Amino acid sequence: MAVSRDDRPVTGTNRIRKFPTGANYAEVLQHPELCFRDPDLRHGTVQQSAVLGPKAISGNFASVFSITARDGQRYALKCFTRDTSAIGTRYTVISTALRALDTGSLSQPWPVRFEFLEQGVLVLGDWFPVLRMAWVRGTDLISWIDRHHHDPTAVHTLADRFLAMTGDLEDNGIAHGDLQHGNILVAEDGTLRLVDYDGMYVPALKGEVATENGHRNYQSPQRGAADFGPAMDRFSTWLIHLSLLAVATDPSLWNQLHEPQGEYLILSESDLRSPATSLAWPLLLGHSDQRLRTAAARVQGFLGQPCSTLPRLTADTLTSPTSRHKRKAGTTTPTTTGTTRGATDPATPHFGTLPAWMVDRMASATAAAVPTPPALAPTGFTGRRPRDLTAAAAALLSTAAPGVLSVTTGQPEGYLPAAQGAALLASAAVIGIGRRLRPEYRTAHQRIRELRRRARELKDPAGAHQRLEQEMQKLDDATAKEGAVADKRIRTLQTDLRVGLARITMELNRRTDQPHKRKAELSAREQNMIAAALEPAVRRHVEAKLRATSIQEARSLPNMGAKTVGALMRAGIRTAADFTGVSYSQSQGTGNRVAYFIHAGGHYIRVPGVGEARASALDAWRRSLEQRARTSAPAKLPGPALARIRAEIATLRARYDREIKQAESKAQQDRDVLQKRITDERQRLTADRQQRAMETQRKRADLLQRQKQLSGAEAERARMTGALSTARTETRRNLGVRKYLTFLLTGH
């Protein structure tokens, strides 16, 4: 309520009036000693912007300024730019409820003390209310996640604190009303603070209605003004906790689903209102982590439920019965987000910021990737193949060919030794190629190369360790680069989906605009057609009524005697039907207007003695007769004529409906095609990303194992050298040329 300068309440027609603008407040706050009564504010210092004076944070119906009192206490001063009903009463009740809380029983100091000042600031000659709240040093939720999303432990911890804070609210029957990223601040110690209590519910406000519905990206599509009570935050709490759980489980989801300038975490209003066309829901519902899939499915199920029926967010409601049973049987202690806290197995490899859903996979993959002691070389060749028989035949033919050619073609004596030597070399080459193509030989040769590489590494442990570190850094850089490209592509897909859907909607509106308009005009068109069909009958009825009315009846008009009526009759106007109106022209002699009666046949009649006044009276008399006649004219068409008109209108309506339906069907087909294209591309990107991540972790596990082996370089090098010598000996003995020739001849 506004208060005048002399402290008298403004009443009467000015009781509710326009509040000052943010610029008005900024102007008077340049002189706090003049516009405030509160001593802390009057002697305080208002934070200034570089150019525009007092710095304001503008909101929906208020501007917030920062003021520092003389004792160093900093306040957030909320100055209202729009009148709200009973705002003072609400804030007084809320303040009382928050002061009554047992702060020792709260999980963290999330309440922020404030004071509502009815006569807070003097602006434009009137006193207006302000809200003075202790300034909170903290980071809004989006900025905090943006900085810490690569740290799953920190995000899990924040999710636990958020769960605890919402538990405090529920336990005390309080609901914030607008839980969103801007109203949840993370303090320097990691605890949470809640700000902006405009829409808060406390038990003393039971029966009231909400003054706002909260941020559109955090509220259920089912929420309305009647949902003002202790349960109105439940959808927001489930949604925010799901977002934190998703980012903690798979940090890459933040870059994939959050837009840098977006006013939401990972799910926006369009995802909540149109889940069928959302890219985010399939990514969450199809995620490899079962816990995340379950949580996402549950929140999506809340979209169609009334807010009052949603369950409270607690550690028990987060955990499924199966998970609780497993927890009782196990030895680890789960947190509210579902992670486990226990002793770390020293043999378990470290996976850094690998998404939680991949840890189990990577544990097995790592075990498979850890190099094992070299296995014994194969005992020999097994299983001849067509390639081997071909090599044997080629060697035999090349060996016999010189002798055969010498006998059959009569070559000179010096030809045979040289040709036979070349043939033996060709046979040896064929046998050598065949031997090298055998899988047993390739396996043994790969084993020897690996042992030789390890031995070289162990010769210079420090250099090898540095090279391995460089390889891991390159691997990490490549993974980060590929991840950034994939994240950018997924965000592009989200933009493509929104733009494509908007384009389809615009095309649908363009195609259905005319049919909708024409359909809306059908009722008026039907009435016009009925009126047009009735018009001949109406005209005949009016004509008959006017024809039945003698001009003698006009004698009842003022200044209309028998002489005037006689002049009209002599001019051919005997009934009201004999003229249709009056026209006037300017007399050139006298300057007066001359009246002419318009005959029913269309010609003009000048009646002596009838001037402008009498002609106007006669014209008005005729029009009144016509109006009365129309009221008694036929107002209903015969059945067949009316049926024909309605059938024509029904045909037009069906045609327009068909055009609209065809356009809507085409738009839906276009939406389905677009959605499938985007979804398929997103699934492909996700699958590629997962595959690359698993391959990267396998490579990293191998590099880590090789680093570990460098710690005992001398003993390991001796072992590797011995193993290399043994492998070479075994390969020569079991897979040599003689063995291969025997294998070709005997198959053993």
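For the residue classes used here, Ala, Val, Leu, Ile, Met, Phe, Trp, Tyr, Cys and Pro count as nonpolar, Asp, Glu, Lys and Arg as charged, and the others, Gly among them, as polar. The structure is a predicted model, and the description below moves from its enclosed spaces to the strands and to one buried serine.

A helpful place to start is the empty space inside the protein. Rolling a probe the size of a water molecule over the atoms shows where empty space is left. The count comes to 6 cavities of 30 Å³ or more. The second largest cavity has a volume of about 50 Å³. Its walls are made by Thr166, Leu169, Glu170, Ile174, Ala175, Pro230, Asp233, Arg234 and Thr237. Sorted by class, this lining holds 4 nonpolar, 2 polar and 3 charged residues. Helix 6 (152–171) and helix 7 each supply at least two of the lining residues, and the largest share, 3 residues, comes from helix 6.

Open space is found as well. The second largest pocket has a volume of about 940 Å³. Of the 32 residues that line this pocket, Val64, Gly182, Asn183, Val195 and Asp196 are the closest to its centre. By class, the pocket lining divides into 14 nonpolar, 11 polar and 7 charged residues. Several strands take part: strand 5 (56–58), strand 6 (62–68), strand 7 (74–80), strand 9 and strand 10 (139–140) each supply at least two residues of the lining. Because both domain 1 (22–134) and domain 2 (139–345) give residues to the lining, the second largest pocket lies between them.

Strand 9, one of the contributors to that pocket, repays a closer look. All 9 of its 9 residues are buried, and the cover extends to both faces of the strand. Asp126, Phe128, Val130, Arg132 and Ala134 lie on one side, with Trp127, Pro129, Leu131 and Met133 on the other. Strand 9 pairs in the antiparallel sense with strand 7 over 5 bridges, and Met133 is the bridge partner of Ala76 in this pairing. Strand 8 and strand 9 (residues 126–134) are also antiparallel, paired over 7 bridges. Here Phe114 stands opposite Met133, while Phe116 stands opposite Leu131. Strands 8 and 9 form a hairpin with 2 residues between them, and Leu124 in the turn has a positive phi of about 55 degrees. In strand 8 (residues 114–123), 7 of the 10 residues are buried, so this strand is largely enclosed by the rest of the structure.

A separate open sheet of 3 strands follows the order 10-11-12 with antiparallel pairing. Strand 10 and strand 12 are the edge strands, each pairing on one side only. Strand 11 (residues 184–186) meets strand 12 over 3 antiparallel bridges, and Ile184 has Leu194 as its bridge partner in strand 12.

Beyond this sheet, the loop between strand 12 (192–194) and helix 7 (234–249) contains Ser220. The relative accessibility of Ser220 is 4%, and since buried means under 20%, the residue counts as buried. Leaving aside residues up to four places away in sequence, Ser220 touches Phe235, Phe302, Leu303, Gln305 and Cys307. Asp233, which also lines the second largest cavity, is 13 residues from Ser220 in sequence and 9.7 Å away in space, C-alpha to C-alpha.

Methods
Residues are numbered from 1 along each chain as its sequence is written. This is a predicted model: local features need pLDDT of at least 70, side-chain atom pairs count only at pLDDT 80 or more; totals for chains, interfaces and linings use all residues. Side-chain values use heavy atoms; hydrogens and water are left out. Buried means under 20% relative accessible area, exposed over 50%, partly exposed in between (1.4 Å probe, protein chains only). Helices (H or I, at least four residues) and strands (E, at least two) are DSSP runs, numbered from the N terminus. Two strands pair if DSSP finds at least two bridges between them. On a 1 Å grid over the protein atoms alone, a cavity is a set of points where a 1.4 Å probe fits but cannot get out, and a pocket is an open set with protein on both sides within 12 Å along at least five of seven lines; lining residues have an atom within 4 Å of a point. Grid points are joined across faces, edges and corners, and a volume is the space filled by probe spheres set on the points. Domain bounds come from an automatic or database domain assignment. Contact means heavy atoms within 4.5 Å.
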